[in-house]
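Let's take a friendly walk through this protein together. Please have the sequence and the model open side by side as you read.

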Amino acid sequence: LASEGSCRIGGNLASNAGGVNVLAYGNARDLCLGLEVVLADGRVLSQLRALRKDNTGYDLRNLFIGSEGTLGIITKAVLKLFPRPRRHDTAFIAVPSPAAAVTLLSRFKQHANSALVAFELIPELAVGFVTKHMGVARPLGEVSPWYVLSEFADAPPDAMHAALEQAMADGMVTDAALAQNETQRLAFWELREKLSDSQKFEGGSIKHDVSVPVS
């Protein structure tokens with residue numbers, strides 16, 4: 001989660017947060033098995049079931065997930081967990097357009113399948129804000145109108161490198177930096193995580209979280 005330093009589980013569920021690994025793990029709704037909620041009149045609704053298969057009655061849990069706290073306050077939750085990945089392949093990639101990024105996403109899915117855990121499209125305007133105000137270095141020497149920050153987890157060796165080579169040969173990628181160590185990987189993600197904070201130095205800005213079909 002880009003806001004992992006301040007967010008809480010209850011807020012993630014109330015906003016049905018996706019986070020930067022939503023490609024692999026889904027939204028908060030997909031990770032929740034049960035809830036305890038305090039209603040407006042003080043009653044406690046307890047549905048802390050941990051069953052993977054639960055087809056009994058109405059799905060009250062999902063009424064509260066994504067409701068932004070308007071129906072009740074989430075006080076406990078049962079969540080699905082996944083093993084922590086043993087290794088990551090992370091790349092900061094220059095692309096000429098969003099259309100090229102969408103094509104690259106399909107290519108990465110072919111190479112990595114479920115190992116593709118993150119794919120973030122970032123405009124040069126935002127990268128400029130972060131490097132100007134937050135003291136974060138540019139991952140690439142040349143400026144591009146658009147970038148993609150992508151990560152594979154526990155993918156076959158050299159899968160990311162091979163996918164990037166092919167994408168560059170096909171013209172959908174113009175430059176790329178592949179993290180060589182954990183320090184460099186975290187530096188890539190620091191740029192992503194400071195996008196929101198960097199905007200306040202440029203005056204007023206509108207924060208949004210819009211989803212549209214890929215087409």
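We will begin with the whole protein, then visit a sheet, one acidic residue and a pair of helices.

Keep in mind from the start that this is a predicted model. The secondary structure of the protein comes to nine helices and seven strands. If you draw a box around the C-alpha atoms along the principal axes, its sides are roughly 60 × 45 × 35 Å. The protein has 215 residues, and 35% of them count as buried. How far apart in sequence are the residues that touch? Take the contacts between residues at least 6 apart in sequence: 73% of these join residues at least 24 apart.

Now turn to the sheet. Three strands form an open sheet in the order S2-S1-S3, and their pairing is antiparallel. Why does one side of S2 and one side of S3 have no neighbour in the sheet? Strand S2 (44-47) and strand S3 (73-79) stand at the edges and each has a single partner strand, so one side of each is left free of a sheet neighbour. From one strand to the next, the twist averages 20°. Strand S1 covers residues 32-38, runs antiparallel to S3 and is joined to it by six bridges. To find your place in the model, look for Glu 36, which stands opposite Lys 76 in S3.

Next, move along the chain to Asp 89, which lies in strand S4 (residues 88-95). Is this residue buried or exposed? The relative accessible area of Asp 89 is 13%, and the cut-off for buried is under 20%, so Asp 89 counts as buried. The side chain of Asp 89 makes a polar contact of 2.9 Å with the side chain of Arg 87. Leaving aside residues up to four places away in sequence, Asp 89 touches Ser 150, Glu 151, Phe 152, Ala 155 and Met 160.

One of those partners, Met 160, leads us on to a pair of helices. Helix H5 (residues 98-112) packs against helix H7 (residues 159-169), with the axes 10 Å apart and an angle of about 140° between them. That angle makes H5 oblique to H7, because only angles over 145 degrees count as roughly antiparallel. The crossing of H5 past H7 is right-handed. On the H5 side, the residues that meet H7 are Leu 104, Arg 107, Phe 108 and His 111. Their counterparts in H7 are Ala 159, Met 160, Ala 162, Ala 163, Leu 164, Gln 166 and Ala 167. Met 160 thus appears twice on our walk, touching Asp 89 and taking part in the contact between H5 and H7.

How values were computed
Residues numbered from 1 in each chain as written. Predicted model: local features only at pLDDT ≥ 70, side-chain atom pairs only at ≥ 80, totals over all residues. Heavy atoms only, no water. Pairing = 2+ DSSP bridges. Helix = DSSP H or I, 4+ residues; strand = E, 2+ residues; numbered from the N terminus. Axes fitted to C-alpha atoms, helices over the stretch in contact; angles between N-to-C directions. Buried < 20%, exposed > 50% of the residue type's maximum accessible area, 1.4 Å probe, protein only. Polar contact = N/O pair within 3.5 Å; in protein donor to acceptor, adjacent residues only side chain to side chain. Contact = heavy atoms within 4.5 Å. Parallel < 35°, antiparallel > 145°, perpendicular 65-115°, else oblique. Left-handed = near helix turned anticlockwise from the far one by under 90°.
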